[in-house]
Amino acid sequence: MRHNDLLWAAASLTVGLILLAADAYIRRPVPSYLLIGPLLITCLGVAVRRSRPVLALGLGVVAFLGDFALGPSLGTILIVTDNLYAAVRYGPRPLGRWMLSITSVIAVVGGAVAGFIFSDLAAFAIALVQAGLVGVTPVLTALFMRQLEDQAVAERARAEQVARLAELDRKTAVQAERARMARELHDMIANHFSAIAIQSTAVLSRKDLDAAAVRRVLESVRENSVQGMAEMRSMIGLLRQDGEEVEAVRLRLAEADGLAERAREAGLEVRFRVDGAARELPAPVDLAGYRILQEALTNALKHGGKEADIVVGYRPDEVVLTVDNPVDGVRSGLPGAGAGIVGMRERAALVGGLAESGPHDTGWRVHAVLPTAERS
């Protein structure tokens, strides 16, 4: 038994006794104190209304029949309606449908019997309404409340599902952003530090370099270091920005000749050519093209020969990038993350383009086609 149900049963018993004391019952040739028995039985059903709803229904039926035989009394009938309500609200779900059918049939039959006995249509209507109020109304109310409760549970489950989906979307977005940041950092740092490592290795391995040559190499190392630090600082600034947007340093494909120059300073012979008229490109295409060329030159420095050919072709609706370099089979010894080729393909795919890399003739070719038209 629940504490609240016990209090409700005690209050019901008190009200029932008050109604009995006020003669709220139909007198019959039996002692009135016998009406307390059915009242106690139905109040016991109230005490177990949520913990044992089917038992509450049985107690209510017994109390109603006993009270009807002795009285009936108003207090007991009112409390029986709570027994019916509790059985449908908290009991097995099929019980509600059965109770609605049974109480409806009882109301109609009871009205018909009353109309037949008294030979009066008014008696039929009064008995029908009274039976409906005592039996059908609490059952319908319980069914309605249970439906509202089921809808609330369904809405709560739907809200939890939406929250879980939102959390999954957030985690997916975080993972995608981490992958993008890792790709950006790889492309940003690999080119500069590969050049630094190759130039440093060359200086250390050569004993015949004069002071001027050593100075030129060190200046190139410093330039690559400063450029790499500047790009990293720009990216960190973007990651830290809060409130107003900070304008990022935009890397443009039109500045690809700077990539070629730094590769030359690192010891790679680069031939750079532009086909067509250079023009303003969408920012994503600009960045993707720049990073693809940067990664291709980095791979040429680390794994290729001593030369590379770069062709940037401007077409009406696309820009075509081609980087060719021989493969001499001599490894530079520099570590690689293995993400360069995958990163180039992902960058091209993000702007709706295509990037391919692989053996070509006697060397290696990176070929990328990036659409420049706005996608609808």
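Select helix 8 (256-265) together with helix 9 (283-303), where helices are DSSP runs of H or I with at least four residues, strands are E runs of at least two, and both are numbered from the N terminus; the crossing of helix 8 and helix 9 is right-handed, a crossing being right-handed if the near helix is turned clockwise from the far one by less than a right angle, and left-handed if anticlockwise. This is a predicted model, in which local features need pLDDT of at least 70 and side-chain atom pairs count only at pLDDT 80 or more, while totals for chains, interfaces and linings use all residues. Residues are numbered from 1 along each chain as its sequence is written, and side-chain values use heavy atoms, with hydrogens and water left out.

The axes of helix 8 and helix 9 come within 10 Å and cross at roughly 15°, the axes being lines fitted to C-alpha atoms over the stretch in contact, with angles from 0 to 180 degrees between N-to-C directions. Helix 8 and helix 9 are therefore roughly parallel to each other (under 35 degrees counts as roughly parallel, over 145 as roughly antiparallel, 65 to 115 as roughly perpendicular and the rest as oblique). Show the side chains next: Ala256, Leu259, Ala260, Arg262 and Ala263 in helix 8 meet Tyr290, Leu293, Gln294, Leu297 and Leu301 in helix 9, contact meaning heavy atoms within 4.5 Å. By class, this contact of helix 8 with helix 9 holds eight nonpolar residues, one polar and one charged, where Ala, Val, Leu, Ile, Met, Phe, Trp, Tyr, Cys and Pro count as nonpolar, Asp, Glu, Lys and Arg as charged, and the others, Gly among them, as polar.

Keep Leu293 selected and add Leu321 and Leu370, since these three touch the most other members of the largest nonpolar core, which has 34 residues. Such a core is a set of buried Ala, Val, Leu, Ile, Met, Phe, Trp, Tyr and Cys residues joined through side-chain atoms within 4.5 Å, with buried meaning under 20% relative accessible area, exposed over 50% and partly exposed in between, for a 1.4 Å probe and protein chains only. Two or more core residues come from each of helix 8, helix 9, strand 2 (307-314), strand 3 (318-326), helix 10 (340-350) and strand 5 (363-371), and helix 9 gives the largest share, nine residues. Centre the view on Leu370, whose contacts, leaving aside residues up to four places away in sequence, include Val285, Ile292, Leu321, Ala348 and Val351.

From strand 5, step back into the loop between strand 4 (354-360) and strand 5, where Asp361 lies. Phi of Asp361 is near 55°, a positive value in a residue other than glycine, and Asp361 counts as exposed at 71% relative accessibility.

Now move to helix 1 (residues 3-21) and helix 2 (residues 36-47), which pack at an angle of about 160° with their axes 8 Å apart. That makes helix 1 roughly antiparallel to helix 2, and the crossing is right-handed. Among the residues that meet here are Trp8, Leu13 and Leu17 in helix 1 and Leu39, Leu40 and Cys43 in helix 2.

Finally, select Asp23 in the loop between helix 1 and helix 2. Phi of Asp23 is near 60°, a positive value in a residue other than glycine, and Asp23 is partly exposed, with a relative accessible area of 42%.
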